[in-house]
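Open the model in a viewer and keep the sequence panel visible. The tour goes from pockets to aromatic rings and ends at a few buried sites.

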Amino acid sequence: MKKTFIAASIALASTCSLSLLSTTVSAHGDETHSNSALQTAVDSDFRQAKNSARDEYRHPQQTLSFFDIKPTDTVIELWPGGGWYAEILAPYLAAEGHYVAGNFDTNPSDEKLKNGYRAKSGKKFEAWLIDNQAKLGAASTVTFDPPTYYAMGKDDSVDAVLTFRNLHNWAMKGYLEPVFDSAYKVLKSGGTFGIVEHRANPGMDAKTGYMEQAEVIKLAEKAGFTFVASSEVNANAKDTKDYPKGVWTLPPRLALDEQDKQKYLDIGESDRMTLKFIKK
């Protein structure tokens, strides 16, 4: 491990009886509380315009409020990618909390991987942290890159672990269970595990980029988490989930390029589950 600067819910399967007893909230209900500091971070011109333009699909203020992320929290975001949520979370936590990115291995031992996507992406993110240190404070990284690196930090040391649209990547490789176990270990008692993921219809393969909500809940409960609530804030009823290139057919990826582009733009981004768990 290394550290550098750098809700109406979908009905769950009957096997998840404990989950069925958990709270559900609607997309337009009162599940979010007023948080002016978070709203300021969401509205900040520090964010790239192309990222802010996606708020209509990703609902960052409502999502982070649903996860109850406080400005005093220590938060790990797994695989921040291009920094879409980091642009909000890191400034929001800079004064009183701590943002930690579970970042790719930037110096893999395998020479073939040194110039690969993950290493390059990880280095770019670390450079972003350094370049914006005045705004991001002590924001840092920890190497989280399954299957070599699973550990996220000291046991019982953080307030929240968040992951946005990553579960299918780990599921396709068979890494999902140890990722959930690692998240459980690093969280304090009462800490939050927040998940946003493309939501599958029953029977869909993770190779499509979609995951079954009931199965995700079962796996998190197996790791020891208690399911608290689901939100429909990131739901999209237009998403039929039957595309030639899976979820990547939709924006922002638009994997078919110009083919039926307007059709997919009209659908918008994927239908997503938004799930909150706690470690008791």
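Helices and strands here are DSSP runs, numbered from the N terminus, with at least four residues for a helix and at least two for a strand. The model is a predicted one.

**Stop 1: the largest pocket**

Select helix H3 (49-52), strand E3 (74-78), helix H7 (117-131) and helix H9 (167-173); each of these supplies at least two residues of the lining of the largest pocket. The volume of this pocket is about 1200 Å³. To centre the view, pick Pro80, Gly81, Gly82, Tyr117 and Arg165, which are the closest to the pocket centre of the 39 residues that line it. Which element gives the largest share of this lining? Colour H7: seven lining residues come from it, the largest share. Colouring by class gives 16 nonpolar, 11 polar and 12 charged residues in the lining.

**Stop 2: the second largest pocket**

Keep H7 selected, because the numbered runs show that the largest share of the lining of the second largest pocket, three residues, also comes from H7. The space in this second pocket is about 310 Å³. Its lining has 16 residues, and Pro108, Leu113, Arg118, Asp145 and Thr148 are the closest to the centre. By class, the lining of the second largest pocket divides into eight nonpolar, three polar and five charged residues.

**Stop 3: aromatic rings**

Now show the side chains of Phe, Tyr and Trp. A search of the whole structure finds 18 aromatic pairs. Take Phe193 and Phe277 as an example: their ring centres are 6.2 Å apart, the planes are at 40°, and the pair is tilted. Phe193 is in strand E7 (residues 187-198) and Phe277 in strand E9 (residues 272-278), so this pair ties together parts that are 84 residues apart in sequence. Are these two residues buried or exposed? Both Phe193 and Phe277 are buried.

Extend the selection to Phe180, Tyr184, Phe225 and Phe227, which ring pairs link with Phe193 and Phe277 into a cluster. At Tyr184, add Lys279: the charged end of Lys279 sits over the Tyr184 ring, 4.8 Å from the ring centre. For another charge over a ring, go to Arg47 and Trp84, where the charged end of Arg47 is 5.0 Å from the centre of the Trp84 ring.

**Stop 4: helix H11**

Select residues 213-222, which make up helix H11, and label Gln213, Ala214, Val216, Ile217, Leu219 and Ala220; these are buried. An α-helix has 3.6 residues a turn, so residues three or four places apart point the same way. After H11 comes Gly224, with a positive phi near 115°.

**Stop 5: strand E9 and the loop before it**

Return to strand E9 and select Thr274, which is found there. Thr274 has a relative accessible area of 0%, so it counts as buried, the cut-off being under 20%. What does its side chain contact? The side chain of Thr274 makes a polar contact with the side chain of Asn234, at 2.9 Å.

Finish in the loop between helix H12 (261-267) and E9, where Glu269 is found. Glu269 is at 3% relative accessibility and therefore counts as buried. Add Pro251 to the view: the C-alpha atoms of Glu269 and Pro251 are separated by 5.4 Å, although the two residues are 18 residues apart along the chain.

How values were computed. Residues numbered from 1 in each chain as written. Predicted model: local features only at pLDDT ≥ 70, side-chain atom pairs only at ≥ 80, totals over all residues. Heavy atoms only, no water. Phe/Tyr/Trp six-rings, centres within 6.5 Å; stacked < 30°, edge-to-face > 60°. Buried < 20%, exposed > 50% of the residue type's maximum accessible area, 1.4 Å probe, protein only. Lys NZ or Arg CZ within 6 Å of the ring centre and 35° of its normal. 1 Å grid on protein atoms, 1.4 Å probe; cavity = no way out; pocket = protein on both sides within 12 Å on 5 of 7 lines; lining within 4 Å. Points joined across faces, edges and corners; volume = space filled by probe spheres on them. Nonpolar A, V, L, I, M, F, W, Y, C, P; charged D, E, K, R; others polar. Polar contact = N/O pair within 3.5 Å; in protein donor to acceptor, adjacent residues only side chain to side chain.
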